[in-house]
Amino acid sequence: MSDASWSVHAAEPLPANSQKRQSDMTYCIFDTLDTVCLDEWNRVWSNSGGDIFMHPRLLRALEATLSGVSRFRYILFYDKAAEPVACAVLTTFQLDLAIIAGARTQRMTNLLRRILPSLLRVTVLFCGLPLSAGQKSLLIAPNANANDVIMLLDSIASQVAADEKARAIIYKEFEDKDANQLDILIGKGYRKGNSLPMHHFPHRFGDFAEYQASLRSYYRKRVRRSQRKLTNAGLWTARYRDPESIQRVYTPEVHRLYEAVFEQAENKLECLPLEFFIELARQFPGDISLTTVYQQERIVAFSWALCTGRTYHFLYCGLDYTVNRTFDLYFNVMFADLDHGLREDVDDIKLGQTADMFKARLGCDQQPLYFYIKGTGVLWDLFLSAGFKLLFPHRPLPPTHHVFSGKSSSR
């Protein structure tokens with residue numbers, strides 16, 4: 001470890017950092033990825049499962065293109081032997097709390113904003129990234145004391161929130177196995193809520209045609225009807241994987257299709273710039289892919305995906321809404337990208353957190369995800385506690401659809 005790269009060191013006590021004095025754990029906090037000891041970061045990353053959304057290449061793409069709207073802090077935690085055992089990312093940015101609330105609260109907020117335009121628009125500190133892909137931003141190695149890591153992290157987050165005048169601290173997005181550890185935050189005044197679930201597609205088919213053959217008649221007819229809308233009109237698909245081709249076709253005009261989807265979304269967290277996707281392609285050559293739908297020579301729909309390790313991640317899509325219904329663009333670009341995912345040598349296909357009913361009818365399994373939130377200061381803490389159920393109503397999982405026939409094959 002190099003002391004010269006440390007922004008803060010736990011050997012210098014933080015205000016009210018009693019947890020530091022209760023354990024032998026220390027930490028380093030960095031304002032930029034350029035000063036992080038990547039060897040240590042990657043050891044934690046590898047030992048804790050290798051989540052691609054905490055890989056330095058992805059973090060670099062975010063920092064390079066979003067540092068103007070979000071402040072990044074990278075934290076490494078060390079045990080008493082000075083071995084790195086955990087890492088986390090904190091980000092600060094302006095957030096409209098109404099956009100992560102329920103539809104009823106959003107409607108009420110829009111009415112009240114005629115009088116109070118800035119209502120629920122606040123600075124928020126996330127243990128998380130300005131990226132909505134159902135990912136967490138805290139990795140803890142199996143040999144670490146998770147309680148010590150989480151308590152020390154929360155002490156750090158509380159100080160950073162005070163420095164940044166953040167009105168809330170939010171930890172997102174955690175699976176059940178992670179929540180068993182993170183529930184310790186409830187004793188620190190946090191409330192636990194349901195995020196949008198992650199949709200996992202069963203990877204037991206060799207390609208999309210084999211998947212179709214496994215469907216019950218009703219669902220197979222729906223898929224084929226959507227596909228005919230595309231092919232009968234002469235629309236066609238293409239896939240790009242190398243950075244040069246992606247940069248050539250992913251123009252500002254094409255990026256506006258992503259912005260159109262963002263504007264239509266019920267839950268809006270971040271609107272990523274064109275430069276982020278181009279940088280992502282540079283950082284992950286061959287692993288990132290852009291699946292497109294063309295009407296003549298114009299792209300009218302696309303889907304981004306990232307295939308790394310044993311997982312195929314669906315990321316973001318773009319649609320021309322003027323012809324979306326006519327050609328079932330969203331369905332068809334998902335079908336095309338799903339075919340690509342099925343052909344990859346992976347164990348898991350993650351279809352993202354939106355379009356619950358459509359993905360349930362594809363045959364996806366839903367995995368619950370959770371967040372933890374606490375207001376900073378007495379007033380905001382009281383406000384978020386009192387209004388928690390209204391702001392963040394329980395989100396039931398979509399109903400299960402039995403889409404497969406009894407003849408489904410298994411790879």
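Rings of Phe, Tyr and Trp (its six-membered ring) are taken to pair if their centres lie within 6.5 Å, with planes under 30 degrees apart counted as stacked, over 60 as edge-to-face and the rest as tilted. The model is predicted, so that local features need pLDDT of at least 70 and side-chain atom pairs count only at pLDDT 80 or more, whereas totals for chains, interfaces and linings use all residues. Residues are numbered from 1 along each chain as its sequence is written, and side-chain values use heavy atoms, with hydrogens and water left out.

The structure holds 28 aromatic pairs. In one of them, the rings of Tyr171 and Tyr190 are edge-to-face, because their planes stand at 80° with the centres 5.5 Å apart. Tyr171 counts as buried (under 20% relative accessible area, exposed being over 50% and partly exposed in between, with a 1.4 Å probe and protein chains only), at 1% relative accessibility, and Tyr190 is likewise buried, at 2%. The rings of Phe335 and Phe358, by contrast, have their centres 6.2 Å apart and their planes at 40°, so this pair is tilted. Phe335 is buried, with a relative accessible area of 4%, and Phe358 also counts as buried, at 14%.

Phe335 and Phe358 belong to one aromatic cluster, whose members also include Phe201, Phe205, Phe208, Tyr211, Tyr330, Phe331 and Phe404. The charged end of Arg204 sits over the ring of Phe404, 4.5 Å from its centre, a placement that requires CZ of Arg, or NZ of Lys, to be within 6 Å of the ring centre and within 35 degrees of the ring normal. The charged end of Lys192 sits over the ring of Tyr370, 4.6 Å from its centre.
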